[in-house]
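Please explain how the terms used for this structure follow from their definitions. Each answer should set a value against its rule.

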Amino acid sequence: MAVSTSFSGAKLEALFFNCCSSTSSYVTTTHLSFFGRNRMSFVQSQRGSIRCEASSSSSSSDVLVDSSNKNSTTVSALQQLKTSAADRYTKERSSIVVIGLSVHTTPVEMREKLAIQEAEWPRAIGELCNLNHIEEAAVLSTCNRMEIYVVALSQHRGVKEVTEWMSSTSGIPVAELSQYLFLLYNKDATQHIFEVSAGLDSLVMGEGQILAQVKQVVKSGQGVNGFGRNISGLFKHAITVGKRVRTETNIAAGAVSVSSAAVELALMKLPDASHGNARMLVIGAGKMGKLVIKHLVSKGCKKMVVVNRTEERVASIREEISDVEIIYKPLSEMITCVGEADVVFTSTASETPLILKHHVKDIPLASEETGRKRLFVDISVPRNVGSCVNDLESVKVYNVDDLKEVVAANKEDRLRKAMEAQAIIGEESRQFEAWRDSLETVPTIKKLRAYAERLRVAELEKCIGKMGDDINKKTQKAVDDLSKGIVNKMLHGPMQHLRCDGSDSRTLSETLENMHALNRMFSLETEVSVLEQKIRAKVEQKPQ
């Protein structure tokens, strides 16, 4: 049975490429609008042959391509279709794209499979930028999100490549992964990272840890090939937005971080009478573990045990926090310490669970004051406590997804602050988009300078030739300097009108109009677009 469908330009281009490379054996007929006048359809039979039918108001012709006997004519026809699609899609403007997973829609089991440790961010950027349609990249991977930001030379091709990369690195099939992924382009992508940096997309609105993580993306990206102008500019601007929102709206006042929410959740689940006597254990003394300790102290906890691989970090925390008894235990004594605790917080960077069902099955129960039920609050991604532990009646395990119930208080105040923050984000988004749009004039500036330099050098050579061979170097340099000075003075006006940096009253639209006018006047447009040159260069660099 034939199926007739109308396609957008992007889908049309994708079909052209897929048709040229696919040998799947399905019977489909798809009619495509082509340049608004011609119509084409692809018919693929169960034998693997492809028929390309082209028709117009005046004539029609059929070409049959048999996969078992490809001849030069049919290959040429398909290659023309492929080249035609490439010429069209590479002339689109490069796009900022964010593809990711969020705590709001994706379970922790899925997020932990895609989590990328901070030390691996540069490697991931390199692999992403090796993809044919990805020019720049950045990775933001935390316990609540895993987001990849890219500058894609083609939206749909870039998204396809990044999705397949995520699938291959995580081992999750694309079909399964696609159920959880969110996808945002350009202004929406900008809006998203600004909201993330401002703390509006966090479990706990206004929490400050995410801003520090955004800063770390910039720090990790310094000097990394692929952390380019657009992406680095985006993240640096996001840092500015995060700082401004916190300063002007006071959104962080009274707000808590994930670690603080973990402490509040534990106290919420414990009987009120046990708060002062509950035995606290913290596994991991890194950034998150240190924050958990500080929040426990702020809630009145005076004694706790900290398990860590080494004692140095624990000693440092002990020096920083006075009047609190912090007992260090090595990792080898972890399970023994668990058996002596009522509440266990875990926050290590281990990629595999540290605590499983058989570890805690036979250890002593929690104290009577806590109802004989031990609480595990696991704020690590990947998780430190296996889900199987929750099968035991004597324990209750909470992970980062369970912190949602802690953030239900003061909703009205948070919403008011969020509205104020959105106004700031809207203003900053417009400024960033104006900056990015202004980058469009850079190729014109370069081409105009190159054009003028070619004319200058050509005329200089004519002049030197007419002056004879006996001209001395001092005179040659004087003539050369003269020609440069004239060109620079002539270009000063046009160059000023190609810049839109906010230093004068010129608007972006005026700047872009000037750019188009100069392109026309000096014939600066090239036959092959900048994007197409970049894509072809990337493809040619690939090993055959």
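**Terms and their grounds**

Q: What makes residues of α5 count as buried, and which are they?
A: In α5, the buried residues are Arg157, Gly158, Val159, Glu161, Val162, Thr163, Trp165, Met166, Ser167 and Ser170. Buried means under 20% relative accessible area, with exposed over 50% and partly exposed in between (1.4 Å probe, protein chains only), so each of these residues falls under 20%. Of the 544 residues of the chain, 47% count as buried.

Q: What kind of model is this, and how are its values and numbering set?
A: The model is predicted, local features need pLDDT of at least 70, side-chain atom pairs count only at pLDDT 80 or more, and totals for chains, interfaces and linings use all residues. Residues are numbered from 1 along each chain as its sequence is written, and side-chain values use heavy atoms, leaving out hydrogens and water.

Q: Why is α5 called a helix?
A: A helix is a DSSP run of H or I with at least four residues, and a strand is a run of E with at least two, both numbered from the N terminus; α5 has 16 residues and therefore satisfies the length rule. The span of α5 from first C-alpha to last is 22 Å, close to the 22 Å expected, where the expected span is 1.5 Å times one less than the number of residues. Just after α5, glycine 171 has a positive phi of about 80°.

Q: How do you know that β5 and β8 pair?
A: Two strands pair if DSSP finds at least two bridges between them; β5 (residues 95-102) and β8 share four bridges, so they pair, in the antiparallel sense. Glycine 100 stands opposite phenylalanine 182 in β8.

Q: Why do β6 and β8 stand at the edges?
A: The open sheet has four strands in the order β6-β7-β5-β8, with antiparallel pairing. β6 (134-141) and β8 (182-185) each have a single partner strand, so one side of each lacks a neighbour in the sheet.

Q: What makes α5 a helix that packs on the sheet?
A: Contact means heavy atoms within 4.5 Å, and α5 touches β5, β6, β7 (145-152) and β8.

Q: What is the volume of the largest cavity, and which helix gives the largest share of its lining?
A: About 60 Å³ of space lies in the largest cavity. Helix α8 (residues 209-221) gives the largest share of the lining, three residues.

Terms used
Axes fitted to C-alpha atoms, helices over the stretch in contact; angles between N-to-C directions. 1 Å grid on protein atoms, 1.4 Å probe; cavity = no way out; pocket = protein on both sides within 12 Å on 5 of 7 lines; lining within 4 Å. Points joined across faces, edges and corners; volume = space filled by probe spheres on them.
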